[in-house]
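Let's take a walk through this fold, starting from a loop and working back to the whole chain. Keep the viewer open and follow along.

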Amino acid sequence: MEIKYRRLTSDDLDRFISMRINQLREEGAKEDIDLRPALLDYYTRHMADGTFVSWLAVDGERIVGTSGMSFVEKSPYFGCPSGKMGLLSSMYTDPEYRRQGIARELLSKVVGEARRYGCGTVQITASDMGVLLYTDFGFVKNGNFMQYKL
């Protein structure tokens, strides 16, 4: 097994969306609609305009880990004078590949993308499983969000 990392492409979207849905299920989301069309629309539009990026962990041809960063802008505030924020999502590692540093590497790559985009902060609503990873990385609790200062 040799894990490699690369950016998400439109050719990966079907598998990426499946993994996103698996993540939501693991987190206890109630599935009352078919989310695939909305996810496909979102990722297609925002990958095209540069406001969504994702890094993948792959083992051969198999995607074993995902990450996502959406870029938003709101009015500047003292904690983020640029007003540009990264919203972290889609952090998921196939259960067979957990505890190998894959999520940390993916997190590092998308935080780097946020830094290059000019974001002043990165936020996530963390699952119970992810809190330790984000805390170890340097995120701090901020109300319902965890935040990492750039």
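Which residues does Ser82 touch, not counting those up to four places away in sequence? The model in front of you is predicted, and in it Ser82 touches Glu73, Pro76, Gly118, Cys119 and Gly120. To find Ser82, go to the loop between strand 4 and strand 5. Take Gly118 from that list: its C-alpha is 7.5 Å from that of Ser82, although 36 residues separate the two in sequence. The side chain of Ser82 also has a polar atom lying 3.1 Å from the backbone nitrogen of Lys84. As for solvent, Ser82 has a relative accessibility of 30%, so it counts as partly exposed.

Now move along to Ser90, which is found in strand 5. Is this serine buried or exposed? Its relative accessibility is 1%, so Ser90 counts as buried. The backbone deserves a look here too: phi of Ser90 is near 60 degrees, a positive value in a residue that isn't glycine. Arg99 has a positive phi as well, about 65 degrees, and again the residue is not a glycine. Arg99 sits in the loop between strand 5 and helix 3, and with 83% relative accessibility it counts as exposed.

Ser90 also takes us to another arginine. Setting aside neighbours within four places in sequence, Arg20 is in contact with Leu39, Tyr43 and Ser90. Arg20 belongs to helix 1, which covers residues 13-26. What is the nearest side chain of opposite charge to Arg20? That would be Glu27, 5.2 Å away, and Arg20 has no salt bridge even though it is buried. What Arg20 does have is a polar contact of 2.8 Å between its side chain and that of Gln23.

Next, the hydrophobic interior. The largest nonpolar core holds 23 residues, and those touching the most other members are Met69, Leu88, Met91, Leu107, Val122, Tyr134 and Phe139. At least two residues of this core come from each of strand 3 (55-59), strand 4 (62-73), strand 5 (84-93), helix 3 (102-117), strand 6 (121-124) and helix 4 (131-137). Helix 3 makes the largest contribution, with six residues. To see how this looks from one member, click on Leu88: beyond its neighbours within four places in sequence, it is in contact with Gly68, Met69, Leu107, Val110, Val122, Gln123, Ile124, Tyr134 and Phe139. There is also a second, separate core of 13 residues, and among them are Ile17, Met19, Leu56 and Ile63.

Finally, zoom out. The protein has four helices and eight strands, and read from the N terminus its elements go β-α-α-β-β-β-β-α-β-α-β-β. Its radius of gyration is 15 Å, close to the 15 Å that the globule rule gives for 150 residues, so the protein is as compact as a globular protein of that length. Along the principal axes, the C-alpha trace spans about 45 × 30 × 30 Å. Of the 150 residues, 44% count as buried. And how do contacts spread along the chain? If you take those between residues at least 6 apart in sequence, 62% join residues at least 24 apart. The pair we began with, Ser82 and Gly118, is 36 residues apart in sequence.

Key. Residues numbered from 1 in each chain as written. Predicted model: local features only at pLDDT ≥ 70, side-chain atom pairs only at ≥ 80, totals over all residues. Heavy atoms only, no water. Buried < 20%, exposed > 50% of the residue type's maximum accessible area, 1.4 Å probe, protein only. Lys, Arg positive; Asp, Glu negative; His and termini not counted. Salt bridge = Lys/Arg side-chain N within 4 Å of Asp/Glu carboxyl O. Polar contact = N/O pair within 3.5 Å; in protein donor to acceptor, adjacent residues only side chain to side chain. Contact = heavy atoms within 4.5 Å. Core = buried A, V, L, I, M, F, W, Y, C linked by side-chain atoms within 4.5 Å. Rg over C-alpha atoms; globule rule 2.2 N^0.38 Å.
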